[in-house]
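Work through the exercises below with the sequence and the coordinates open. Try each task before reading its solution.

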Amino acid sequence: MTRSKILQNVPTDIEMLGGIDLKGEFSKLFKKPEQVPGCVFLLCVRGKCNINLNLKRYELVKGSLAMIYPEVFFQIIDQTPDCRFFFVAFSSQLIHDARIFPYTIEFTPYIFQQPILNLPPKPFRLFKDSLLLFIRMGHTSRRLVNRAQATISFIQIVLGLNSLFKIGRHVTNTNNRKDEMVRELIRLVVTHYKEQRSIAFYADQLHVSPQHLSTTIKQITGKTLTDIISTFIIYDAKAKLCSTELNVQEIAYSLNFRDISFFGKYFKRYTGMSPKQYRKIEKR
């Protein structure tokens, strides 16, 4: 799937970008499924629309917040004439920063479970005001928002949303055993992905057979358990390669690979390049 020419022209030197969609530009950008070039927090402030995230359909209404991470396919299917958004976007390179990873890793299970958050009135007003501040900062001057400030802004958003999820008041309650299994699995992966990559380990923790776990995860998420585990490992490895001075061997050992050769092959399988090649490209 090719990216539209408009998205290809998004400046790569901008760490944070915010705006108010007054003319329905988002619907023009995402008429078909497109991979967003960064991480976007999209807040519906008026009207309603239907969207696809990784080909799964959701409805956004006033107060709905869509959390769209890099490599996720996003599409606006339809929207009412009065539909409007506030948005703030962060570069992929920024959110892969090793300094940010400890804050986002705990947040990730909730995103897997629920990428759309319907905010009650008070949190909605607070989040809307926060986005408006970020938008004004960006419009005043690009120089005003340097990498450090963009990093702090991203962490502030994540910590605020993480608190909402942890409280549990705004997470969809479900008695569905399969949904609960996925939720618990992601939490286990967050805790153990550095040491445990065996399907049998996670199946044992959840008291189900490996076959049942694999089938359920594929059915609910569209991904295999190996895909999910590798996502955390590669994300962690990329963050360390981009933002630390650890050598490749130290990074391999930190992720519990038995040797640098095995780590290199694993990394190349999922990224198409060696760890050293990736570091060289990202640090240009």
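**Exercise 1: two residues with positive phi**

Asn 256 counts as partly exposed, at 43% relative accessibility. (Buried means under 20% relative accessible area, exposed over 50%, partly exposed in between, with a 1.4 Å probe and protein chains only.) This is a predicted model: local features need pLDDT of at least 70, side-chain atom pairs count only at pLDDT 80 or more, and totals for chains, interfaces and linings use all residues. Residues are numbered from 1 along each chain as its sequence is written, and side-chain values use heavy atoms, with hydrogens and water left out.

Task: locate Asn 256 and His 207, and state the phi of each.

Solution.
- Step 1. Asn 256 sits in the loop between α12 (248-254) and α13. Helices (H or I, at least four residues) and strands (E, at least two) are DSSP runs, numbered from the N terminus.
- Step 2. Its phi is positive, about 65 degrees, although Asn 256 is not a glycine.
- Step 3. His 207 belongs to the loop between α9 and α10 (210-221). His 207 is not a glycine either, yet has a positive phi of about 60 degrees.
- Step 4. With a relative accessible area of 73%, His 207 is exposed.

**Exercise 2: the sides of α13**

Task: determine which residues of α13 are buried, and how they are placed around the axis.

Solution.
- Step 1. Helix α13 (residues 260-271) has twelve residues. From first C-alpha to last it reaches 16 Å, close to the 16 Å expected at 1.5 Å a residue. (The expected span is 1.5 Å times one less than the number of residues.)
- Step 2. The buried residues of α13 are Phe 263, Gly 264, Tyr 266 and Phe 267.
- Step 3. These cover an arc of only 165 degrees around the axis, so they lie on the same side of α13. (The arc is that of the directions from the helix axis to the C-beta atoms.)
- Step 4. Lys 265 and Arg 269 are exposed on the other side of α13.

**Exercise 3: aromatic rings**

Task: classify the ring pairs Phe 90 with Phe 154, and Tyr 193 with Phe 232.

Solution.
- Step 1. Apply the criteria. Rings of Phe, Tyr and Trp (its six-membered ring) pair if their centres lie within 6.5 Å; planes under 30 degrees apart count as stacked, over 60 as edge-to-face and the rest as tilted. The whole structure holds twelve aromatic pairs.
- Step 2. The centres of Phe 90 and Phe 154 are 5.1 Å apart and the planes stand at 70 degrees, so this pair is edge-to-face.
- Step 3. Phe 90 lies in strand β8 (residues 84-90) and Phe 154 in helix α7 (residues 147-167), so the pair ties together parts 64 residues apart in sequence. Both Phe 90 and Phe 154 are buried.
- Step 4. For Tyr 193 and Phe 232, the centres are 5.7 Å apart and the planes at 35 degrees, so the pair is tilted. Tyr 193 and Phe 232 are both buried.

**Exercise 4: a cluster and its charges**

Task: list the clustered rings around Phe 257 and Phe 262, then find the charge over Phe 257 and over Phe 262.

Solution.
- Step 1. Ring pairs join Phe 257, Phe 262, Phe 263, Tyr 266, Phe 267, Tyr 270 and Tyr 278 into a cluster.
- Step 2. Arg 197 lies over the face of Phe 257, 4.1 Å from the ring centre. (The test: NZ of Lys or CZ of Arg within 6 Å of the ring centre and within 35 degrees of the ring normal.)
- Step 3. Over the ring of Phe 262 sits the charged end of Arg 258, 4.4 Å from the centre.
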